[in-house]
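Biologist: I have not met this protein before. Please put it in front of us, and then let me ask how each description of it is justified.

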Amino acid sequence: MGVIFYSSSTPYEEQDIKPFMSDVMDLSFLAPVLDWIQFTYHHSEVSVEALGVNGLVEFFIRKGAHVSVFLLLCVFFYIALRKSTNLTWGRSALLSLLFTFLYAVFDEIHQGFTPNRTPYAGDVLLDTAGALLACGLFWLRNRFKRPASF
């Protein structure tokens, strides 16, 4: 949660990885592969034409980070609940999902106080998707868990 809070407190300009990507690698070869991608996200066009190849790649890295980090947060909530309570795996998963969703909402509100950052409900949906993926992993683990041998 601390890492997420810190990241939300950082202005966009300080998190921009496009200059680094430009210095380290030339992604222009991806343009023909990615040029079919075009959609609107938070009132902005997301495409190679609008963002350039590096901008489009950065967009997907950023959104993938939302999903990944909140998946991990949900896993950590789940582990904490399983180790500190007598809740079933299903109730622990549901509470973990709820806590992760609530923190995602808090994170977007907090981000609204950061210069050049805006809160967006679409990011809460991405964060919650990460938590739902984690719950799917909990279900798979429970479904295929071997019974204890004596």
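Modeller: Let us begin with a term that we shall need at once: two residues are in contact if they have heavy atoms within 4.5 Å of each other. Please keep in mind as well that this is a predicted model.

Biologist: With which residues is Ser8 in contact, leaving aside its neighbours within four places in sequence?

Modeller: Ser8, which has its place in helix H1, residues 2–9, is in contact with Asp107, His110, Gln111, Thr114 and Arg117 once those neighbours are left aside.

Biologist: What makes Ser8 count as buried or exposed?

Modeller: Its relative accessible area is 3%, and the word buried is used for values under 20%, so Ser8 is called buried. Thr128 in helix H7, residues 121–143, is judged in the same way: its relative accessible area is 15%, and therefore Thr128 is buried too. Leaving aside the neighbours within four places in sequence, Thr128 is in contact with Leu97 and Phe101.

Biologist: Before we go further, how many helices and strands does the protein have?

Modeller: There are seven helices and two strands, and read along the sequence they follow the pattern α-α-α-α-β-β-α-α-α.

Biologist: Why are strands S1 and S2 said to pair?

Modeller: Strand S1, residues 38–41, and strand S2, residues 44–47, run antiparallel and are joined by four bridges; pairing requires at least two bridges, so these strands qualify. Gln38 stands opposite Ser47 in S2. The hairpin has two residues between the strands, and in it His42 takes a positive phi near 55°.

Biologist: What makes the aromatic pair of Tyr41 and Phe59 edge-to-face?

Modeller: The structure holds ten aromatic pairs. In that of Tyr41 and Phe59 the centres are 5.4 Å apart and the planes stand at 75°; since rings pair within 6.5 Å and an angle over 60 degrees counts as edge-to-face, the name follows. Tyr41 lies in strand S1 and Phe59 in helix H5, residues 48–84, so the pair ties together parts that are 18 residues apart in sequence. Tyr41 and Phe59 are buried, and ring pairs link them with Phe39, Phe60 and Tyr120 into a cluster.

Biologist: Why is the aromatic pair of Tyr103 and Phe106 called tilted?

Modeller: Its centres are 5.5 Å apart with 45° between the planes, an angle that is neither under 30 degrees, as for stacked rings, nor over 60, as for edge-to-face ones, so the word tilted remains. Both residues lie in helix H6, residues 89–111, three residues apart, about one turn of the helix. Tyr103, at 9% relative accessibility, counts as buried, whereas Phe106 at 39% falls between the limits of 20% and 50% and is therefore partly exposed.

Biologist: How do you know that the charged end of Arg143 sits over the ring of Phe144?

Modeller: The charged end of Arg143 is 5.3 Å from the centre of that ring and sits over it; the distance limit is 6 Å, so this value lies within it.

Biologist: Which residues make up the largest nonpolar core?

Modeller: It has eleven residues, namely Met21, Leu27, Leu34, Ile37, Tyr41, Val46, Val48, Val53, Leu56, Val57 and Phe59, and H5 gives the most to it, with five. Leu34 touches Val48, Val53, Leu56 and Val57, not counting residues up to four places away in sequence. Another core lies apart from the largest one and has ten residues, among them Cys74, Tyr78, Ala93 and Ala131.

Biologist: Finally, how does the radius of gyration of the protein stand beside that of a compact globule of 150 residues?

Modeller: Such a globule would have a value near 15 Å, but the protein has 19 Å. Along its principal axes the C-alpha trace spans about 60 × 35 × 25 Å, and buried residues make up 36% of the 150 residues.

Methods: Residues numbered from 1 in each chain as written. Predicted model: local features only at pLDDT ≥ 70, side-chain atom pairs only at ≥ 80, totals over all residues. Heavy atoms only, no water. Phe/Tyr/Trp six-rings, centres within 6.5 Å; stacked < 30°, edge-to-face > 60°. Buried < 20%, exposed > 50% of the residue type's maximum accessible area, 1.4 Å probe, protein only. Lys NZ or Arg CZ within 6 Å of the ring centre and 35° of its normal. Core = buried A, V, L, I, M, F, W, Y, C linked by side-chain atoms within 4.5 Å. Rg over C-alpha atoms; globule rule 2.2 N^0.38 Å.
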